Amino acid sequence: MAAAAETRMLFRNIDEPRLASIRTYKRLGGYRAVQKAFKEMAPEQVLKELDDSGLRGRGGAGFSMGKKASFLPRGDMDKYLCCNADESEPGAFKDRELMQKNPHQLIEGIIIAARAAGANRCFIFIRGEYDLQGDILDKAVEEAYDAGLLGSDVLGSGEQVELVVHRGAGAYICGEETALLDSLEGKRGNPRLKPPFPAVQGLYGGPTLINNVETLSNVPHIISSGAEWFKSFGTEESPGTKVVSVSGDVRRPGNYEVELGIQTRKLINGLAGGTVGRRKVKCFFPGGSSSPVLTGEEGLDLPYSFEAMAEAGSMLGSGSIIVCDERTSIVQLALRTARFYHHESCGKCTPCREGTNWTVKMLERMVRGEATPIDLDTVASVQTNIIGHCLCVLGDSMAAPVGSMVEKFRPEFEQALERGVPSLNDRGGAGRGAQRKGREAREEAGHLSMAGGR
Ligand SMILES: Cc1cc2nc3c(=O)[nH]c(=O)nc-3n(C[C@H](O)[C@H](O)[C@H](O)COP(=O)(O)O)c2cc1C
């Protein structure tokens, strides 16, 4: 297999010591894009450049960033920009690294995006558990205020852009954009009925642009080097690069920035080192735990792009690959996935509240070997009844992967009806574990200690 390499745009200077300080960021060319956006470009030109770049949202849905910004009404009113830094999806840890190591890249992106959308009040909604990253952002925001990049007169332009870092209280649902808005307003984080969409009626009832950390971190590069340059990376429908979090049964879990459209095998087997002990890839989640799984045979040779993953019946989502090798019990995997979404369901709508609960109950019965064939059909039909019927897509986020597991690995579920399934961690039996060769055991130990970051 050809050697895989990263293509670094957002990660270009990521290993530079003290990159989180404004001094280092500026020394490496940072905040030149914001100068250009405020001194050489009208807001409409900034918006057009973003739209022309084809940048798609990196938070899950992959919607065009420029189009979304253009939906905000023009005119003199308070408009808001919320950066979604909730990152609670199992398998996703890219925003954490982007904020921790290069907070000014994000802040510069926010200031420029605010100009494009005409927003004057901005927030970074960061998950409560990201304490370190929250502190780093607080300091970086203070530095940006001191440098005149934020405040009532950005770079002497007369334009106002305020930015507040707000810590969430640790609920996955608050990553859903309208629940995020409720939480920011001081309410319980529950999704709102849409329409109206946030671009029209969002935070405090005002027009609001909501974008993910990685999406906004792309913005300075597009403004500095232009939409055409940006489109020279990636595919026609998925321009640019993607920071991909790779985890699970791989030897080198971590964040890798690659051109969109790279062969998925190069990401998993090349950059992430392949599976421990060169085991077969049984399946993988291409876009975090909410994406339908693809088997190794189906997915490894596909280009890693929004369109290829959608055509294969899954999604690129937040760009977080979780690899499961041949030892994985799919029934246990389905149960673990369902438990997460059941726990995180806000309970506001019935299909999600009841559907996640019943799915967990039926899968628990299967694992114990107490389920009947009717239970298996019910598990499958509950998933189809959830999809498209909830207030937000949290319910779908369980139903799509669990449904894909039942569809692709049905014989394993049928087997479980008779015999049950041992625990997910007891893969291959205790005897085999004890006899495992030294190198493999060391690899696995290294893998566990690195899990979740580089
Ligand atoms: C349950 C749920 C959780 C979500 N969590 C996140 C999250 O942690 N971060 C994120 O950027 N988007 C998350 N999203 C997607 C957001 O609703 C929204 O689409 C995204 O922030 C838009 O930004 P983008 O267009 O830049 O991707 C979540 C969606 C749902 C339904």
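Modeller: Before we start, a word on domains: their bounds come from an automatic or database domain assignment. In this predicted model, that splits the protein chain into domain 1 (22–231), domain 2 (241–325) and domain 3 (330–419).

Biologist: What makes you trust the protein chain, going by pLDDT?

Modeller: pLDDT is the predictor's own confidence in each residue, on a scale from 0 to 100. The protein chain averages 92, and 93% of the residues score at least 70. Do watch residues 428–454, though: pLDDT stays under 50 there. The model has 22 contacts beyond four places in sequence for that stretch.

Biologist: How do you know that domain 1 and domain 3 are in contact?

Modeller: Two residues count as in contact if their C-beta atoms, placed from the backbone, lie within 7 Å, so that is the test to apply. Nine residues of domain 1 are in contact with seven residues of domain 3. On the domain 1 side, the touching residues are seven nonpolar, one polar and one charged. The centres of the two domains, taken over C-alpha atoms, are 35 Å apart.

Biologist: What makes a residue part of the shell around the ligand?

Modeller: Its C-beta atom, placed from the backbone, has to lie within 6 Å of the molecule. By that cut-off 24 residues surround the ligand, and the closest are G57, G59, G175, N212 and T215.

Biologist: Which domains and elements does the shell around the ligand draw on?

Modeller: Domain 1 and domain 3 each give at least three residues. Looking at elements, β4 (208–212) and α17 (394–408) each supply at least two, and β4 has the largest share, with three residues. By class, the shell has eight nonpolar, 10 polar and six charged residues. Gly is counted as polar, so the closest residues G57, G59 and G175 fall in that class.

Biologist: Why do we say that β2 and β3 pair?

Modeller: Pairing needs at least two bridges found by DSSP. Strand β2 (residues 121–126) and strand β3 (residues 162–167) have six bridges and run parallel, so they pair. Within that pair, F123 stands opposite V164 in β3.

Biologist: And why is the unit of β2, helix α7 and β3 called right-handed?

Modeller: Point the strands away from you and follow the path from the first strand over the helix to the second: clockwise is right-handed. The unit made by β2, helix α7 (residues 131–146) and β3 gets that label, so its path runs clockwise in that view.

Biologist: What makes β6 and β8 edge strands?

Modeller: Each pairs on one side only. They belong to an open sheet of five strands, in the order β6-β5-β9-β7-β8, with mixed pairing. β6 covers 254–259 and β8 covers 294–295. Strand β5 (residues 241–248) is joined to β6 by six bridges, and the two run antiparallel. There, Y256 in β6 is the bridge partner of V244.

Biologist: Where are the cis peptide bonds, and what is omega?

Modeller: One joins K194 and P195, with omega about -10 degrees. Another joins P195 and P196, with omega about 5 degrees. P195 sits in the loop between α8 (177–184) and β4, and P196 is in the loop between α8 and β4 too.

Biologist: What makes E87 worth a look, in terms of phi?

Modeller: E87 has a positive phi of about 30 degrees although it is not a glycine. You'll find E87 in the loop between β1 (80–85) and α5 (94–101).

Key
Residues numbered from 1 in each chain as written. Predicted model: local features only at pLDDT ≥ 70, side-chain atom pairs only at ≥ 80, totals over all residues. Helix = DSSP H or I, 4+ residues; strand = E, 2+ residues; numbered from the N terminus.
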